[in-house]
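Biologist: I'd like to go through this one with you, starting from the whole chain and then moving to single residues. Could you take me through it?

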Amino acid sequence: MTKKTKLTLEGTTIDLPIIVGSEEEKAIDIGSLRKETGHITLDPSYANTGSCKSDITFIDGEKGILRYRGYPIEELAKKARFSEIAYLLINGELPNNNELADFSNQLTYHSLIHEDMKKFFDSYPMNAHPMGVLASTVAALSTFYPDVQQEPSNLNIIRILAKVKTLAAFSYKKSIGQPLIYPMNDLSYEDNFIRMMFAVPAEEFTVNPVVSDAIRLLLILHADHEQNCSTSTVRMVGSSNANLYISIAAGIGALWGSLHGGANQRVIEMLGMIHKSDNDYKKYIEKAKSKTSKFRLMGFGHRVYKNFDPRAKVLKESAAKLLDKLGIDDPLLDIARNLEEVALNDEFFIERNLYPNVDFYSGIMYRAIGIPTNMFTVMFALGRLPGWIAHWNEMKSDSKTRIYRPRQVYTGHTKRSFVPMDKRS
Ligand code: CMC
């Protein structure tokens with residue numbers, strides 16, 4: 001039986017159902033509030049609003065817990081392959097051997113993009129940001145596969161999963177003026193991507209397993225994060241019956257912002273700036289605390305995590321191991337560690353529960369692998385893709401989904417009459 005709570009507003013008392021999630025998360029269902037009382041709720045930036053029920057990802061921000069379909073992120077990060085995680089997020093269960101082999105084959109088989117799409121890459125300016133290129137080419141997929149306008153088939157899902165890595169690598173190759181490298185059918189998802197990024201025609205190329213494992217880990221850690229800004233965007237755009245590809249292109253746009261996925265690029269830029277200014281990281285801590293400065297410590301803070309970001313914990317350790325294995329000594333890693341230590345002991349950061357987030361150490365790993373700074377957010381998008389698809393599917397398959405349409409509290413002028421130009425002072 002659904003529990004209820006009573007709400008009394010200006011003399012009217014109504015019963016509101018209490019919804020309890022599988023991890024005992026509690027919410028008040030205010031769906032009938034306006035109809036019964038004439039009030040809406042006001043929650044700018046949705047800090048206290050559940051927009052849906054979801055089976056996909058569980059986060060406990062106070063305890064630093066992140067699970068995909070019930071599986072702890074720490075276990076998945078150690079043992080899983082990215083294609084398994086994509087399958088898990090989209091289909092709800094881990095694949096068996098045959099299912100994974102079939103899924104992986106399809107991801108390889110559909111990696112090529114239509115030859116006509118290649119012409120796009122000649123038309124972008126040389127210094128085009130790869131996120132702009134990715135968003136527009138993903139949007140363009142809906143013109144090449146117009147059947148995605150109907151409810152997307154498995155094939156349409158496979159197509160976007162398989163092709164985004166090719167689009168991402170092509171946008172990089174184009175930006176450095178190198179010939180495009182086509183995917184190879186006998187390589188895994190990760191290795192195909194690495195080859196398309198770093199191989200040069202007519203030269204031998206073998207994928208370094210250390211790099212492959214690092215990419216695997218990074219993609220898995222970014223694969224989903226429940227109702228974040230880009231995922232909510234994908235759901236919102238999809239709720240209007242817009243197709244899957246254009247909904248994901250919108251999500252890529254949302255991810256690009258510096259408060260969201262764009263933060264990974266900004267972290268490395270910030271660490272680089274600190275390095276150039278004689279490693280004076282304390283100056284940047286003071287700047288981040290100053291009320292007169294808009295500067296924020298990039299890669300710090302999170303709307304949901306108020307203790308630690310479990311992804312950042314895994315990445316901090318992995319970044320050190322990766323640099324060690326590759327024999328790289330990156331001064332930015334030391335600066336990052338120093339910043340973290342000072343910030344974690346500073347009242348300003350403690351009071352506001354500001355901890356390193358996923359973007360704080362990921363850039364150090366991308367750099368070590370040889371991925372250029374302006375591609376970092378593309379890497380985030382590549383990882384997040386299965387999460388976006390899973391949420392889009394979940395939203396579409398819920399018979400209760402209506403078009404997402406928040407309300408507002410209007411604070412502008414009350415009614416007034418138009419004044420013609422010749423009568424205006
Ligand atoms: N450096 C300095 N101060 C900060 C920071 C920061 N990184 N983050 C938050 N604050 C302060 C903020 O100024 C505010 O202080 P006050 O109460 O005195 O006004 C307080 O902490 C609360 O901040 P908020 O902006 O209300 O918090 P939010 O939940 O709206 O924002 C956030 C979360 C992630 C956007 C924010 O912490 C931030 O801007 N961080 C830097 C950008 C970043 O690293 N983003 C990546 C997020 S994780 C990856 C992803 O999922 O996208």
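Modeller: One term is needed before we begin: contact here means heavy atoms within 4.5 Å. In this predicted model, residues 24 or more positions apart account for 70% of the contacts in the protein chain with a separation of 6 or more.

Biologist: How many helices and strands does the protein chain have?

Modeller: The secondary structure comes to 18 helices and six strands. The radius of gyration of the protein chain is 23 Å, close to the 22 Å that the globule rule gives for 425 residues, so the chain is as compact as a globular protein of that length. Taken along the principal axes, the box filled by the C-alpha atoms is roughly 80 × 65 × 55 Å.

Biologist: And what share of the 425 residues is buried?

Modeller: Buried residues make up 45% of them. The accessible surface of the protein chain comes to about 22400 Å², and 50% of that surface belongs to carbon and sulfur atoms.

Biologist: How far apart are the mean positions of the positive and negative charges?

Modeller: They are 7 Å apart, for 52 positive and 49 negative charges in the protein chain.

Biologist: Let's turn to single residues. Where is His260, and is it buried or exposed?

Modeller: His260 sits in the loop between helix H11 (244-256) and helix H12 (263-276). His260 counts as buried because its relative accessibility is 14%, and the cut-off for buried is under 20%.

Biologist: What does the side chain of His260 make a polar contact with?

Modeller: The partner is the side chain of Asn228, in a polar contact of 3.4 Å. With neighbours within four places in sequence left aside, the residues in contact with His260 are Asn228, Cys229, Ser230, Ala254, Leu255, Asp359 and Arg384.

Biologist: Now Asn357, which loop is that in?

Modeller: Asn357 lies in the loop between helix H16 (347-351) and helix H17 (358-369), and this residue is buried, with a relative accessible area of 8%.

Biologist: Which backbone oxygen lies 2.9 Å from a polar atom of the Asn357 side chain?

Modeller: That is the backbone oxygen of Gly301. Gly301 also appears in the contact list of Asn357, which, leaving aside neighbours within four places in sequence, consists of Gly299, Phe300, Gly301, Asp309 and Ala312.

Biologist: What about Tyr366, where does that one sit, and is it buried or exposed?

Modeller: Tyr366 is in helix H17, and it is buried, with a relative accessible area of 0%. Beyond its neighbours within four places in sequence, Tyr366 is in contact with Leu218, His222, Asn264, Ile371, Phe376, Met379 and Phe380.

Biologist: How far is Tyr366 from Ala214?

Modeller: Their C-alpha atoms are separated by 8.7 Å, although the two residues are 152 residues apart along the chain.

Biologist: Any other pairs like that? I was wondering what Val304 is in contact with.

Modeller: Apart from neighbours within four places in sequence, Val304 is in contact with Ile59 and Gly61. Val304 and Gly64 are 240 residues apart in sequence, and their C-alpha atoms are 9.2 Å apart in space. Val304 itself is in the loop between helix H13 (281-289) and helix H14 (310-326), where it is partly exposed, with a relative accessible area of 28%.

Biologist: And how far apart are Leu42 and Arg407?

Modeller: They are 365 residues apart in sequence and 8.6 Å apart in space, C-alpha to C-alpha. Leu42 lies in the loop between helix H1 (33-37) and strand S4 (57-60), and at 62% relative accessibility it counts as exposed.

Biologist: Changing topic to the backbone, which way does phi usually go?

Modeller: Most residues other than glycine have a negative phi. Ala202 has a positive phi of about 70 degrees although it is not a glycine, and Asp278, also not a glycine, has a positive phi of about 55 degrees.

Biologist: Where are Ala202 and Asp278?

Modeller: Ala202 is in the loop between helix H8 (189-198) and helix H9 (209-221), while Asp278 is found in the loop between H12 and H13.

Biologist: Buried or exposed, for Ala202 and for Asp278?

Modeller: Ala202 counts as exposed at 90% relative accessibility, and Asp278 is exposed too, with a relative accessible area of 72%.

Terms used. Residues numbered from 1 in each chain as written. Heavy atoms only, no water. Helix = DSSP H or I, 4+ residues; strand = E, 2+ residues; numbered from the N terminus. Buried < 20%, exposed > 50% of the residue type's maximum accessible area, 1.4 Å probe, protein only. Polar contact = N/O pair within 3.5 Å; in protein donor to acceptor, adjacent residues only side chain to side chain. Rg over C-alpha atoms; globule rule 2.2 N^0.38 Å. Areas by Shrake-Rupley, 256 points an atom, 1.4 Å probe, with all protein chains shown as cover. Lys, Arg positive; Asp, Glu negative; His and termini not counted. Charge placed at Lys NZ, Arg CZ, Asp CG, Glu CD.
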